[in-house]
Amino acid sequence: MTVIRVPPVLREEAGGARQVEASGSTVRELLEDIVGRLPALGNKVYDGSDIRPYVNVYVDGEDVRTSGGLDAPVRENATVVLLPAMAGGER
Amino acid sequence: MPSYRELLQQTKAEVEEVDARGARELAGAVWVDVRRHDEWDEGYIPGAIHIPRGSLESRIESRVPDRSTPVVLYCASGERSAFAAKTLAELGYERPVSLVGGIVDWKRNGYEIEVPKTLSPERRARYSRHLLIPEIGEEGQLKLLDAKILLLGAGGLGSPAALYLAAAGVGHIGIVDADIVDESNLQRQIVHSLNTLGTPKVDSAKRTIEALNPDVQVTTYRERLTSENIDSILDDGWDVVVDGADNFPTRYLLNDASVWRGVPVVHGSIYRFEGQVTVFKPGDGPCYRCLFPEPPPLELAPSCSEGGVLGVLPGIVGSLQTNEALKLALGIGDPLVGRLLLFDALATDFHEVRVNRNPSCPVCGEHPTITEYVDYVEFCAR
């Protein structure tokens, strides 16, 4: 199982969890597994064929969009981070 | 026992002495001024480095590591430099030479001197802890006093930035903010206080900065950043922008303008217990659109006023931004270019991810498709 860090703005969709577990040997399998387990969270990140444009997915510190895409392998014990842009700072 | 005169004669006989013309012809030489600090402050030979006679033995190796480099030593009249040349010969330097007649003769012959920009005794005292750091020193402190840093927002992130940049002696700070100080700000916006409730944040921040450090000139822009005013604000010549904005349209607008103008932006954002920091340095790394090509839909983009924020979090993230801004102004260290630092205050965990330049980025990519301001509000509301 791979541990996926959930950003604060997506925690409601993950039932409040700061991290969730999913399995898959590629990024695509991992995201599809999340959609299966936690549809609310999964659908915010993955539209069924691609990562949503406003979310970044990092595997071991690399953005999957620029490092192999959805078919990139995910090793056991990889660190996966989901990251939408955060609204602010604040004034 | 020899007298001083005799010792001087003896030393001068042992070392190589050259006149100004001969010294100028010495190819590849390093010039070392061995006089006292106050003498150096009155003017030195252009290109010379300053190592007072008393520190020569301990500091020469770090400044002139290659002992085969010719070294021209000078003082006021050529006496201290003769002793200095002898010392360097004893340390194994192959060609230390003493300038006959020193800087006095140099000036008499009509050669140029340079008067250094130096810190007053008051500034020396105020910035002494910076002066002690080799990476900063007097030269770095003078750079900071010459630096111009713009704060976008005088809120949670802008507060620690304003205070620490001012304390550090950044000579010119600009602040853009249209809001007034509200009671709910004081839980984290430490540049404001009860005394400035109800006043414009830019004025409140200016007041605090001026009370902290009179070396700092503050320019205030009591307005929201828009595509109408951004050019005139950036025309004021800011070296670095610290982005503590509270909304996506402003962040994308700032990004586009800073890419086109080549101004580095230190980005920070916060939400509840978590923060993000990175540096966008045009030409040297990715831009905000490389990192986030599109803003998230509104339901994924709550502001702190909707979602809340731990009071100290902007203090931490804004301080990290300030650290990056100071490094950029000083030209030292490794700024967070191409790296996004994620901080989780609940876990006390720092995590770093890489941010690559996107070759097809519409603003900083190889074939940009956005070359002028767009409707940022509309873009972010899509």
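## Two loop residues with positive phi

Asp60(A) is partly exposed: 15 other C-beta atoms lie within 10 Å of its own. That count falls between the limits, because a buried residue needs 20 or more and an exposed one has 12 or fewer. This is a predicted model. Asp60(A) sits in the loop that links strand 3 (55-59) to strand 4 (62-63) of chain A. Its phi is near 50°, a positive value in a residue other than glycine.

Chain B offers another case. Thr348(B) also has phi near 50°, positive although the residue is not glycine. Most residues other than glycine have a negative phi. Thr348(B) belongs to the loop between strand 12 (339-344) and strand 13 (349-354) of chain B. Is Thr348(B) buried or exposed? Thr348(B) is exposed, because just 7 other C-beta atoms lie within 10 Å.

## Contact between the chains

Chain A puts 19 residues in contact with 36 residues of chain B. On the chain A side, strand 4 and strand 5 (79-84) are the elements that give two or more residues. The residues of that side divide into ten nonpolar, four polar and five charged.

## Domains of chain B

Chain B is divided into two parts: domain 1 covers 4-108 and domain 2 covers 147-381. How far apart are the centres of these domains? Taken over C-alpha atoms, 49 Å separate them.

## The five-stranded sheet

One open sheet of chain B has five strands. Their order is 1-5-4-2-3, and the pairing is parallel. Which strands stand at the edges? They are strand 1 (16-18) and strand 3 (49-50) of chain B. Each has a single partner strand, so one side of each is left without a neighbour in the sheet.

Inside the order, strand 2 (residues 30-33) pairs with strand 4 (residues 71-74) of chain B. The two run parallel and share four bridges. Val32(B) has Leu73(B), in strand 4 of chain B, as its bridge partner.

## The eight-stranded sheet

Another open sheet of chain B has eight strands in the order 8-7-6-9-10-11-12-13. Its pairing is mixed. Strand 8 (217-221) and strand 13 of chain B form the edges. Each pairs with a single strand, so one side of each lacks a neighbour in the sheet. On average, neighbouring strands are turned by 15° against each other, direction ignored.

At one of these edges, strand 12 and strand 13 of chain B run antiparallel, joined by six bridges. Leu341(B) stands opposite Glu352(B) of strand 13 of chain B. The loop between these strands holds Thr348(B).

## Helices on the sheet

Helix 10 (residues 158-168) of chain B packs on this sheet. It touches strand 6 (148-152), strand 7 (172-176) and strand 9 (240-243) of chain B. Its direction makes about 165° with that of strand 7 of chain B.

Helix 16 (residues 313-330) of chain B lies across strand 6, strand 9, strand 10 (265-271), strand 11 and strand 12 of chain B. Helix 16 runs at about 175° to strand 10 of chain B.

## A loop after strand 11

Strand 11 (274-280) of chain B leads to a loop, with helix 14 (288-291) on the other side. Asp284(B) lies in this loop. Asp284(B) counts as partly exposed, because it has 13 C-beta neighbours inside 10 Å. The limit for an exposed residue is 12 or fewer. Asp284(B) and Arg357(B) are 73 residues apart in sequence. In space, their C-alpha atoms are 9.0 Å apart.

Note on methods: Residues are numbered from 1 along each chain as its sequence is written. Chains are lettered from A and ligands numbered from 1 in the order in which they are written. This is a predicted model: local features need pLDDT of at least 70, side-chain atom pairs count only at pLDDT 80 or more; totals for chains, interfaces and linings use all residues. Domain bounds come from an automatic or database domain assignment. Two strands pair if DSSP finds at least two bridges between them. Axes are lines fitted to C-alpha atoms, for helices over the stretch in contact, and angles run from 0 to 180 degrees between N-to-C directions. Two residues are in contact if their C-beta atoms, placed from the backbone, lie within 7 Å. Ala, Val, Leu, Ile, Met, Phe, Trp, Tyr, Cys and Pro count as nonpolar, Asp, Glu, Lys and Arg as charged, and the others, Gly among them, as polar.
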